[in-house]
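Please examine the sequence and the structure shown below. The briefing that follows covers strand pairing, the nonpolar core, the chain as a whole and the confidence of the prediction.

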Amino acid sequence: MTGTEHTFTGAVNDTTYKVTVEALGNEGWISNKVSSAKSIEFLNAPKITEIKASTSGIQISWDKVSGASRYRVYYATSLKEDGTPDWKKLADVKNKYDSYTWKKAKYGVKYYFTVGCVDS
């Protein structure tokens, strides 16, 4: 691997991963120092249960996920060339709630929504 980013695609739901980074030069290890480990818990994605429009806005509701400290709601108004939505962050919602009402949505616009979990 080269560069400063890597995407781990084999993550399993409800599993905690600890990641460390070490430096390697052309001749081998540059040092025996290891970056401080960071951990992240890969949580199940919340399932959106309802999206409804009203005079107060669009309400997005979802099932709560064990271990989530908050939920992050995203929206899109268009699809990229590969057919996936062009997500934009809409809001962070504390875990005691299982819905969000977007009051600034515009009439006549087609919206896509998704919700993700964020751990502490």
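Three strands of this predicted model form an open, antiparallel sheet in the order β5-β6-β9. Strands here are DSSP runs of E of at least two residues, numbered from the N terminus, and two strands pair if DSSP finds at least two bridges between them. Because β5 (48-54) and β9 each have a single partner strand, they stand at the edges, and one side of each lacks a neighbour in the sheet. From one strand to the next, the twist averages 15°, with axes fitted as lines to C-alpha atoms and angles running from 0 to 180 degrees between N-to-C directions.

**Strand pairing**
- Strands β5 and β6 are antiparallel and share six bridges; a hairpin of two residues connects β5 to β6.
- Within this pair, I51 lies opposite I60 in β6.
- Strand β6 (residues 57-62) is also joined to β9 by four bridges, again in the antiparallel sense, and S61 faces S99 in β9.

**Nonpolar core**
- The largest nonpolar core (buried Ala, Val, Leu, Ile, Met, Phe, Trp, Tyr and Cys residues joined through side-chain atoms within 4.5 Å) has 16 residues, of which W62, L90 and F113 touch the most other members.
- At least two residues of this core come from each of β6, β7 (70-76), β8 (88-94) and β10 (112-118).
- Leaving aside residues up to four places away in sequence, W62 has contacts (heavy atoms within 4.5 Å) that include P46, I48, Y71, V73, V93, Y97, S99 and V115.

**The chain as a whole**
- The protein chain has zero helices (DSSP runs of H or I, at least four residues) and ten strands.
- Of its 120 residues, 20% are buried, that is, under 20% relative accessible area with a 1.4 Å probe, protein chains only.
- Among contacts between residues at least 6 apart in sequence, 55% join residues at least 24 apart.
- The accessible surface (Shrake-Rupley method, 1.4 Å probe) is about 9300 Å², and carbon and sulfur atoms account for 49% of this surface.

**Confidence and conventions**
- The mean pLDDT (the predictor's confidence in each residue, from 0 to 100) is 81, with 67% of residues at 70 or more.
- Among the elements, mean pLDDT is lowest in strand β3 (residues 28-34), at 54, and highest in strand β9 (residues 99-102), at 96.
- Where pLDDT is low, the predicted coordinates should not be read in detail.
- Residues are numbered from 1 along each chain as its sequence is written, and side-chain values use heavy atoms, leaving out hydrogens and water.
- Local features need pLDDT of at least 70 and side-chain atom pairs count only at pLDDT 80 or more, whereas totals for chains, interfaces and linings use all residues.

Conventions
Buried < 20%, exposed > 50% of the residue type's maximum accessible area, 1.4 Å probe, protein only.
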